[in-house]
Amino acid sequence: MMDRSARVVLVEDDAAIRQFVTLALEDLPVVVRACATVDDAVAALREAPTCLVLTDLHLAGDSGLRLLEMLAADPPLRGPARLAVFSGEAGAHIPDAWAALGVWQVVAKPASVRALTACVEAALAGLAPEPAPPPAEPAPRGMAAAIQTHFGGDQALYEAFRAGARAQFPADRRAGVQACQQGNASALRHLGHSLRTVLGLLGEPDAALLAWALQKAAEQPGVDGARLGQAWQPLDAALARLSA
């Protein structure tokens, strides 16, 4: 029987991505504790020693950066855990500010099964990441390319993720419309950030670029409702097409 005594705490507020990472790591000798919030992650770290904390930075409520700050200030809470950032912003580069908080590795979003398993295996083995990251792979386009690039050739895993994502898209569309009506830039920034990863994993780079454009528009200081609506509408149309 496989020994699953090692623990990985995943901090990601998008349910589809939590499911993907959990499935991607199911053949490794680890237990994945998937958390949606910083509070959940802190509770998980208090339960038992953890070999790896893998956290997104853009979370609802407290950010992943806040979690890293808490762990830097409280070494007993962190324990032996390696710290990795799950990010679509920095590629494989670790900014100095993250390194100062103990970040050991960056797993760039959208991450492949191979990248996720390599990170966990390195944490289990106590290895440092490779000194130079491999060249970035071009964004996969279409189901076949996405299966090979992100899902390690596992079509069943891709199809399970795709079914969950498509089931979530109607709720994402409702949330986007409501946020536009309310002029809620924070909600749209968060939605764009999550959808960028999901759409990239699905092999929809054009739609992922629309999600990224929404995120960036929502991050602009003083952005008005009209600009938010302009950024949301093409992404909404893409989600409608993918839901059909």
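Here, a residue counts as buried when its relative accessible area is under 20%, and as exposed when that area is over 50%. Keep that in mind while looking at this predicted model. Two spots are worth a visit: helix α7, which covers residues 143-150, and the second largest pocket, with a volume of about 170 Å³.

**Helix α7 and its two sides**

- Start with the buried residues of α7, which are Ala146, Ile147 and His150.
- Look down the axis of α7 and these buried residues fall within an arc of 105 degrees, so they line one face of the helix.
- Turn to the face pointing away from that buried side and you'll find the exposed residues Ala144 and Gln148.
- As for neighbors, the buried residues of α7 pack against four helices: α1 (15-24), α6 (113-125), α8 (155-182) and α9 (185-201).
- Just past the end of α7 sits Gly152, with a positive phi of about 60 degrees.

**The second largest pocket**

- Which helices each supply at least two residues of this pocket's lining? They are α1, α8 and α9, and these three also appear among the helices that the buried residues of α7 pack against.
- The top contributor is α9, which gives four residues to the lining.
- Residues lining the pocket include Asp13, Asp14, Ala15 and Ala16, along with Gly164, Gln168 and Asp172.
- His190, Leu191, Ser194 and Leu195 are part of the lining too.
- By type, the lining of this pocket splits into four nonpolar, four polar and three charged residues.

How values were computed
Residues are numbered from 1 along each chain as its sequence is written. This is a predicted model: local features need pLDDT of at least 70, side-chain atom pairs count only at pLDDT 80 or more; totals for chains, interfaces and linings use all residues. Side-chain values use heavy atoms; hydrogens and water are left out. Buried means under 20% relative accessible area, exposed over 50%, partly exposed in between (1.4 Å probe, protein chains only). The arc is that of the directions from the helix axis to the C-beta atoms. Contact means heavy atoms within 4.5 Å. On a 1 Å grid over the protein atoms alone, a cavity is a set of points where a 1.4 Å probe fits but cannot get out, and a pocket is an open set with protein on both sides within 12 Å along at least five of seven lines; lining residues have an atom within 4 Å of a point. Grid points are joined across faces, edges and corners, and a volume is the space filled by probe spheres set on the points. Ala, Val, Leu, Ile, Met, Phe, Trp, Tyr, Cys and Pro count as nonpolar, Asp, Glu, Lys and Arg as charged, and the others, Gly among them, as polar.
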